[in-house]
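Biologist: Please put the model up. I would like to go through its core and its overall build.

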Amino acid sequence: MFAFFHVGDDCRLPARLVRSIRQHHPDAPIYHVTDGDTPTLKGVIRHEVEVDPDCLMLSRSRGYADLGLPDLTLYLDTDMALNRPISLRSALGEGSAGFCRRSYHRDAPFNGLQRGALYLDLHNQPLDTVFPYVGCVVATVGWVWAALAARHAALEPRFWSWYGDQIALREYAKHHPVVDLPESEWAGLPDLADDPIITHWKGQRKKLILPAE
């Protein structure tokens, strides 16, 4: 099964994600966690939750927890595309959680001056120290999301809009067994990865795949 979170009128990225999933898993259930105003996408199972536009990352964590899927599911960002069929059970073995382990720029300093300088206490720390796991790909079952959402909500409010999801992943992994899913394979950047399982069109790369409006 697959799931993603998207709110807003521009559904070009999630529609593209859904097409890539359908290409390799034509019969797989795909869940769209969203609010009541976002357009309905074809070929997905819609799950509406309360979304705070000022706290999107916390809303996403809570939305996935509310979805509560009991089976192993791959949760993806919408700026991604599958390149081949995926077997989560083969990837995780007997595990119940697989997190995307950072591959790129691990030693790069985190810029705490961005987003209104809310993260000065993290400024210049290595990315791999503060955010060893990337939130774009998570393979797990519903009860793990309940734990992640609880950890996320317990953080300071400044982490509810950004970065709190990655902190929750980091802290969960300190106390529970987690399978590392290498970012270079499971969220490969198109300019850096060689034939990844999933391509991540992150940041400005989105412009390369979006049709003109």
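Biologist: Which residues touch the most other members of the largest nonpolar core?

Modeller: This is a predicted model: local features need pLDDT of at least 70, side-chain atom pairs count only at pLDDT 80 or more, and totals for chains, interfaces and linings use all residues. Residues are numbered from 1 along each chain as its sequence is written, and side-chain values use heavy atoms, with hydrogens and water left out. A nonpolar core is a set of buried Ala, Val, Leu, Ile, Met, Phe, Trp, Tyr and Cys residues joined through side-chain atoms within 4.5 Å; buried means under 20% relative accessible area with a 1.4 Å probe, protein chains only. The largest such core has 49 residues, and the members touching the most others are Leu74, Leu76, Val137, Trp186 and Ile198.

Biologist: Which strand gives the most to this core?

Modeller: Strands are DSSP runs of E, at least two residues, numbered from the N terminus. Six residues of the core come from one strand, residues 133–140. That top contributor is strand E7.

Biologist: How many residues does the other core have?

Modeller: It lies apart from the largest one. Phe110, Tyr119, Phe131 and Phe159 are among its members. Its count is nine residues.

Biologist: What share of the protein chain's residues count as buried?

Modeller: The protein chain has 213 residues. By the under 20% cut-off, the buried share is 50%.

Biologist: What share of contacts between residues at least 6 apart in sequence join residues at least 24 apart?

Modeller: Contact means heavy atoms within 4.5 Å. For the protein chain, the share is 69%.

Conventions. Helix = DSSP H or I, 4+ residues; strand = E, 2+ residues; numbered from the N terminus.
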